[in-house]
Amino acid sequence: MTDANRPDKNRPEDAAAAAGAPESGAPAAAGADPAAPAEFVDAEATDAASAEGIEEDELTVQDILDAADLEASDPSSEHLADLKRVTAEYANYRKRTEANREIERERVTGEVVKVLLPVLDDLYRAEKHGDLEGDTAFATIAAKLRASTERIGLKPYGSVGDVFDPTVHEAIFQMPTPDIDVETVGDVVETGYYLGSSLLRVAKVVVQVPSDG
């Protein structure tokens, strides 16, 4: 070998060739950083290959059921407070629903019963005149009608001698009376009615008022 072809270790390219470095045209390892040392590239490739073989633990249906059973048997204080709150809200909702349903039922029933009030007024006047005495057919029909309305919650009120109450009585006439100390119902012109707890119609009455003469 001539001196011209002999490698000179003082030249960088000859020193790299002597150390076993790949030539400039040789392909680099896949995924390797060309600037990284060979030992680091091999370590990264080994870690990636190992990670591909690891499977993470998956959450199964049985795991969920076991957690639910554990929570049901020993609930946390936070979940127990939420359960109590939801239970109380549901109880209040049921009470409101029942109350609203009863109010609506009374309202609908009241609209129907109002149609019968003039008939009941006629029966009241007939009774005052003595037309419902005995076992007549008219008296029997009147008794059945009154019983039917009472079964649906209709209750008449307003009688002679009751203390006058402006919240449930409508005074259509005042009659001075010397023998009384408080305002009193002297006569009932139109009977009042309650439907359940609701005031369906006020009673129209003649009021006796105290008088010095």
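User: Which residues line the second largest pocket?

Analyst: This is a predicted model. Its second largest pocket is lined by L120, Y124, E127, R146, T149, E150, L154, P156, T191 and Y193.

User: How many of the lining residues are nonpolar, polar and charged?

Analyst: Sort the lining by residue class. Five residues are nonpolar, two are polar and three are charged. The space inside comes to about 160 Å³.

User: Which elements each supply at least two residues of that lining?

Analyst: Map the lining onto the secondary structure. Helix α5 (117–128), helix α6 (137–151) and strand β1 each give at least two residues.

User: What is the strand order in the sheet with β1?

Analyst: Read a sheet by its order, then by its edges. Here three strands form an open sheet, ordered β1-β4-β5, with antiparallel pairing. Strands β1 (154–157) and β5 (198–201) are the edges, and each pairs on one side only. From one strand to the next, the twist averages 35 degrees.

User: How many bridges join β4 to β5?

Analyst: Go down the ladder pair by pair. Strand β4 (residues 192–195) is joined to antiparallel β5 by three bridges. Y193 in this pairing faces R201 of β5. Y193 also belongs to the pocket lining. L195 has S198 in β5 as its bridge partner.

User: What connects β4 and β5, and which residue in the turn has a positive phi?

Analyst: Look at the turn and its backbone angles. The two strands form a hairpin with two residues between them. G196, in the turn, has a positive phi of about 65 degrees.

User: What is the average pLDDT of the protein?

Analyst: Check confidence before detail. The protein averages a pLDDT of 76, and 65% of the residues score at least 70.

User: Which elements have the lowest and the highest mean pLDDT?

Analyst: Go element by element. Helix α2 (residues 38–52) has the lowest mean, 48. Strand β6 (residues 203–210) has the highest, 94.

User: Where does pLDDT stay under 50?

Analyst: Look for stretches, and check their contacts too. Residues 48–56 stay under 50, and the model gives them zero contacts beyond four places in sequence. Residues 15–33 also have a pLDDT below 50. That stretch has four contacts in the model beyond near neighbours in sequence.

User: How should predicted coordinates be read where pLDDT is low?

Analyst: Where pLDDT is low, the predicted coordinates should not be read in detail.

How values were computed:
Residues are numbered from 1 along each chain as its sequence is written. This is a predicted model: local features need pLDDT of at least 70, side-chain atom pairs count only at pLDDT 80 or more; totals for chains, interfaces and linings use all residues. Side-chain values use heavy atoms; hydrogens and water are left out. pLDDT is the predictor's confidence in each residue, from 0 to 100. Helices (H or I, at least four residues) and strands (E, at least two) are DSSP runs, numbered from the N terminus. Contact means heavy atoms within 4.5 Å. Two strands pair if DSSP finds at least two bridges between them. Axes are lines fitted to C-alpha atoms, for helices over the stretch in contact, and angles run from 0 to 180 degrees between N-to-C directions. On a 1 Å grid over the protein atoms alone, a cavity is a set of points where a 1.4 Å probe fits but cannot get out, and a pocket is an open set with protein on both sides within 12 Å along at least five of seven lines; lining residues have an atom within 4 Å of a point. Grid points are joined across faces, edges and corners, and a volume is the space filled by probe spheres set on the points. Ala, Val, Leu, Ile, Met, Phe, Trp, Tyr, Cys and Pro count as nonpolar, Asp, Glu, Lys and Arg as charged, and the others, Gly among them, as polar.
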